[in-house]
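Colleague: I should be grateful for a close look at one part of this model, set against the chain as a whole. Please treat the matter in one connected account.

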Amino acid sequence: MKRRACLIMCCLLPVLILGLTNPEGARSESFVDALGRSVVLSGAPRRIVSLAPSVTEILYYLGLGDRIVGVTMFSDYPPKALKKPKVGSYAHLNVERIIELGPDLAIGTKDGNEPNCVALLEQAGIPVYIVNPRHVEDVAETLYSVARLCGVEQGGKRLAESLSMRVEKVRKMVQGLPKPVVFLQINLKPIISVSRHSIHNDVIRLAGGINMMEDAPTTYPTVSVEEVLARKPDVIIISSMERGGRFEKAKREWMQWKSIPAVRNNRVYLVNSDILDRPSPRIVKGLETVAELLHPELTKKENGVLWR
């Protein structure tokens, strides 16, 4: 513990000294983050550390990839992000490494990043802006706030409006349609689903479905096969981070239970977890994908083209 404290202080000292010498005439601007904190920047940031994979995706979506000097583990989209220096996982940040990279801004998330790490970065003179998108609609708002923060407001506004329009289109197309009961499996063994407190639930709701586990007392409840058999979902979506053979095997295992309407009607689907798990622009693609799975009649009505 003492060694870690020493390492942090060694990294802090030069940064703190530099922080005392703002360029003459630099114009400061204050931004309020998702926690209501005031974050002051002297001009548009040029060296940004992303503290979560979803933030990395947002920055690249805004065309700011060249400004990113560090990302967390599992920041794998777009592929260019894999080449960026790593600063630990979003839940266990490497504060010393972040300070070494000399960023003029770090962007994190409320749920993912440890408050103590955020405090240490701020003590080092590194502004930390926190985002907290809880719903699909929040992603566009978060995108725009990051765009303002980074000095690309106009482009960010256009991109945010485009995302919002896509969400609204899905909402209108499923309005008034029957709502199938959906079981979403996000982990294979044990079987884990999601409650109403997750962004996944919001995807299902906006796509015109009912989350089978929405009333579960925990955000990510463990579910037994017997419970799924008893509650008889109309659709099963498997969206695990695991891929390959185990992913396909999970679908085959469900297909043996013919008493489940989803199985009987061949409505068990595999979906890339990246477009459902992360509150990034790709979640809108996830919403569109789920809407098509829940309401195949829409695809037929539109001659197979829904979202272009």
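How many Å² does the accessible surface of the chain come to, and what percentage belongs to carbon and sulfur atoms? With that as background, please concentrate on asparagine 211: in which strand is this residue found, and is it buried or exposed?

Modeller: The model is predicted, and every value below is computed from it. The accessible surface of the chain comes to about 15700 Å², and 54% of that area belongs to carbon and sulfur atoms. Of the 308 residues in the chain, 49% are buried. The secondary structure comprises 13 helices and 10 strands. Among contacts with a separation of 6 or more, 61% join residues that stand 24 or more positions apart.

Against this background, asparagine 211 belongs to strand β8, which covers residues 210-211. Its relative accessibility is 3%, and asparagine 211 is therefore buried, the limit being under 20%. Two polar approaches involve the side chain of asparagine 211. A polar atom of that side chain lies 2.9 Å from the backbone oxygen of valine 194, and the side chain also reaches the backbone nitrogen of methionine 213 at 3.1 Å. Both partners thus named are backbone atoms, one an oxygen and the other a nitrogen. Leaving aside residues up to four places away in sequence, asparagine 211 touches Val182, Val194, Ser195, Arg196, Asn201 and Ile204. Valine 194 accordingly appears twice in this account, as a residue that asparagine 211 touches and as the owner of the backbone oxygen at 2.9 Å.

Glycine 43 offers a second setting for reference. This residue sits in the loop between β2 (38-42) and β3 (48-50). With a relative accessible area of 39%, glycine 43 is partly exposed. Its C-alpha atom is 8.0 Å from that of glycine 151, although 108 residues separate the two along the chain.

There remains the open space. Rolling a probe the size of a water molecule over the atoms shows where empty space is left. The largest pocket holds about 1000 Å³ of space. Its lining consists of 31 residues, with Tyr90, Tyr220, Asp277, Arg278 and Pro279 lying nearest the centre. The elements α2 (53-61), α7 (199-206) and α11 (274-277) each give two or more residues to this lining. By class, the lining of the largest pocket divides into 11 nonpolar, 12 polar and 8 charged residues.

How values were computed: Residues are numbered from 1 along each chain as its sequence is written. This is a predicted model: local features need pLDDT of at least 70, side-chain atom pairs count only at pLDDT 80 or more; totals for chains, interfaces and linings use all residues. Side-chain values use heavy atoms; hydrogens and water are left out. Helices (H or I, at least four residues) and strands (E, at least two) are DSSP runs, numbered from the N terminus. Buried means under 20% relative accessible area, exposed over 50%, partly exposed in between (1.4 Å probe, protein chains only). A polar contact is a pair of N or O atoms within 3.5 Å; within protein, one must be able to donate a hydrogen and the other to accept it, and residues adjacent in sequence count only if both atoms are side-chain atoms. Contact means heavy atoms within 4.5 Å. On a 1 Å grid over the protein atoms alone, a cavity is a set of points where a 1.4 Å probe fits but cannot get out, and a pocket is an open set with protein on both sides within 12 Å along at least five of seven lines; lining residues have an atom within 4 Å of a point. Grid points are joined across faces, edges and corners, and a volume is the space filled by probe spheres set on the points. Ala, Val, Leu, Ile, Met, Phe, Trp, Tyr, Cys and Pro count as nonpolar, Asp, Glu, Lys and Arg as charged, and the others, Gly among them, as polar. Accessible areas come from the Shrake-Rupley method with a 1.4 Å probe; for residues, only the protein chains shown count as cover.
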